[in-house]
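Biologist: I'm new to this one. Please give me a close look at the ligand's surroundings.

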Amino acid sequence: MTLKTVHSVAEMRAIIAGWRAEGLRVALVPTMGALHQGHISLTDLARRHADRVVVSIFVNPAQFGPNEDFAAYPRTLPDDQARLDAAGVEMCFAPNVSEMYPDHFATSIHVEGLTNVLCGATRPGHFDGMALIVTKLLLQALPDCALFGEKDYQQLMVIRRFVADLNIPVDIIGAPIHREADGLAMSSRNRYLTAQERAIAPTLHHVLQDIATAANRGNLIDPLITQGKADIKAAGFGEIDYLEIRDAENLQPVTGTLARPARIFVAARLGKARLIDNLAITPPQSVG
Ligand code: AMP
């Protein structure tokens with residue numbers, strides 16, 4: 001195995017300092033582990049931007065709510081290491097909770113505006129916890145670039161905001177959503193699905209595609225959303241946290257018809273899993 005796994009910030013920094021001394025570019029891909037091909041698509045993209053790729057694996061307690069799946073979240077380090085090694089990743093940083101949150105830890109980060117809608121509305125505190133851990137990881141590794149998936153599009157927008165606001169000297173690179181052959185966005189949480197739920201799950205993507213196509217043709221948005229919610233329910237999903245079209249940059253709601261690049265976002269419960277997905281929608285082309 002050529003992958004090197006380290007568990008402390010000091011070890012990671014020492015290795016990165018060696019690479020820097022050789023003039024090499026470093027990419028960081030933060031993850032919570034239970035790695036799948038979607039994560040590997042990020043490390044492959046990272047390889048195009050850097051000479052050395054570091055993947056962090058940390059299930060961050062601060063971004064889970066009290067009734068969420070922190071304890072149940074899959075932890076599969078040996079399998080993750082094998083995948084990273086096969087993908088040619090040089091270093092895996094897998095700290096434990098006390099390395100990241102030592103005694104007397106007292107700092108928080110809050111990003112206004114972008115974080116009170118969509119997942120922020122149903123997961124209070126989630127984006128504060130995410131912003132804190134990503135800030136720490138960026139400052140610990142000080143990479144040239146860091147890669148994040150559009151799967152978590154709102155997260156990517158929040159990260160771009162605080163990285164700019166805090167002058168963190170790193171290029172943030174967004175990566176397209178990697179999907180199963182039937183359209184389901186890959187996710188570590190897909191392993192919560194039973195076989196029957198797994199068969200239903202791609203409905204989410206198909207509903208987003210239908211809405212995107214109709215909105216692109218100039219259809220009014222509100223009826224499309226109503227129909228989309230009905231389709232998701234009819235497929236067998238439980239509660240729909242949201243199905244909304246929002247501006248692709250500032251995440252403001254879009255009503256009527258589209259004028260600017262937008263994105264359709266969904267979060268819905270299926271059995272034990274809460275699945276999220278999103279899709280770009282381009283405004284209709286004006287004719288003539
Ligand atoms: P996670 O381990 O779920 O926190 O994800 C770690 C990173 O991988 C985040 O930047 C995610 O957006 C990204 N990611 C997860 N699933 C996918 C996917 N299906 N396609 C692209 N990126 C993904």
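Modeller: Let's start with a bit of vocabulary: a crossover is right-handed if, with the strands pointing away from you, the path from the first strand over the helix to the second runs clockwise. Helices (H or I, at least four residues) and strands (E, at least two) are DSSP runs, numbered from the N terminus. This is a predicted model, where local features need pLDDT of at least 70 and side-chain atom pairs pLDDT 80 or more, while totals for chains, interfaces and linings use all residues. Residues are numbered from 1 along each chain, and side-chain values use heavy atoms, with hydrogens and water left out.

Now, strand S5, helix H7 (residues 153-165) and strand S6 make a right-handed β-α-β unit. S5 (residues 145-149) and S6 (residues 171-175) run parallel, joined by 5 bridges (DSSP must find at least two for strands to pair). One of those links matches Phe-148 with Gly-174 in S6.

S5 also helps surround the ligand: S5, strand S2 (26-31) and helix H2 (37-49) each give at least two residues to the shell. H2 has the largest share, with 3 residues. Around the ligand there are 17 residues (a heavy atom within 4 Å), and His-39, Gly-149, Asp-152, His-178 and Met-186 come nearest.

Three of these make polar contacts, meaning N or O atoms within 3.5 Å. Asp-152 has a polar side-chain atom 2.6 Å from a ligand oxygen. His-178 uses a polar backbone atom, 2.8 Å from a ligand nitrogen, and Met-186 has a backbone N or O atom 2.8 Å from a ligand nitrogen. On its own the ligand has 480 Å² of accessible area (Shrake-Rupley, 1.4 Å probe), and the protein covers 93% of it.

Definitions and conventions:
A polar contact is a pair of N or O atoms within 3.5 Å; within protein, one must be able to donate a hydrogen and the other to accept it, and residues adjacent in sequence count only if both atoms are side-chain atoms.
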